[in-house]
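Trainee: Could you go through this structure with me and explain the terms as we meet them?
Mentor: Happily, let's look at it together.

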Amino acid sequence: MKTLLLAVVLVLSGCAVIFPKPHDPVMFDHIVAIQVKVNKVNCSNKDWGDLLDRVHHLKVYTELRGDPQSKAIGQLEEALTKAHGSKNEKFCESILSLNKTRIAVVEDAWKGR
């Protein structure tokens, strides 16, 4: 009876209970690359093509995986796009500063897995 109950629990809960989904190194690699690029970008030089491409790639990737951080990555993309399009350098710098914190929060969430 115990064996049957255990089998039913495993079937209903899936293998995720026994084998939790491991950390995804691809997502972590992308957020680290984004952090490096955000630290290097300059609001007076708006050559951010690679940075915005990486953020968009990570946004799509996290959405497809159903990651809890996908909303934060979407907000990161939106904010960086606004900063990139801004003609006000102080506004751009403030957005970059705030989003460095957002990136750190996402990194902390992912490195704990």
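**The disulfide and its surroundings**

Mentor: Searching the whole structure turns up 1 disulfide. Keep in mind that this is a predicted model, where local features need pLDDT of at least 70, side-chain atom pairs count only at pLDDT 80 or more, and totals for chains, interfaces and linings use all residues. Residues are numbered from 1 along each chain as its sequence is written, and side-chain values use heavy atoms, with hydrogens and water left out.

Trainee: Why is the link of C43 and C92 called a disulfide?
Mentor: A disulfide is a pair of cysteine sulfur atoms within 2.5 Å. Here the S to S distance is 2.1 Å, so the pair meets that definition.

Trainee: What makes this pair tie together separate parts?
Mentor: C43 is in the loop between α2 (25–40) and α3 (49–65), while C92 belongs to helix α5 (residues 89–111), so the joined parts are 49 residues apart in sequence. Helices here are DSSP runs (H or I, at least four residues), numbered from the N terminus.

Trainee: Are C43 and C92 buried or exposed?
Mentor: Both are buried, meaning under 20% relative accessible area (1.4 Å probe, protein chains only).

Trainee: What makes K46 count as lying over the face of W48?
Mentor: The rule asks for NZ of Lys or CZ of Arg within 6 Å of the ring centre and within 35 degrees of the ring normal. K46 lies over the face of W48, at 5.8 Å from the ring centre, so the distance part of the rule is met.

Conventions. Helix = DSSP H or I, 4+ residues; strand = E, 2+ residues; numbered from the N terminus. Buried < 20%, exposed > 50% of the residue type's maximum accessible area, 1.4 Å probe, protein only.
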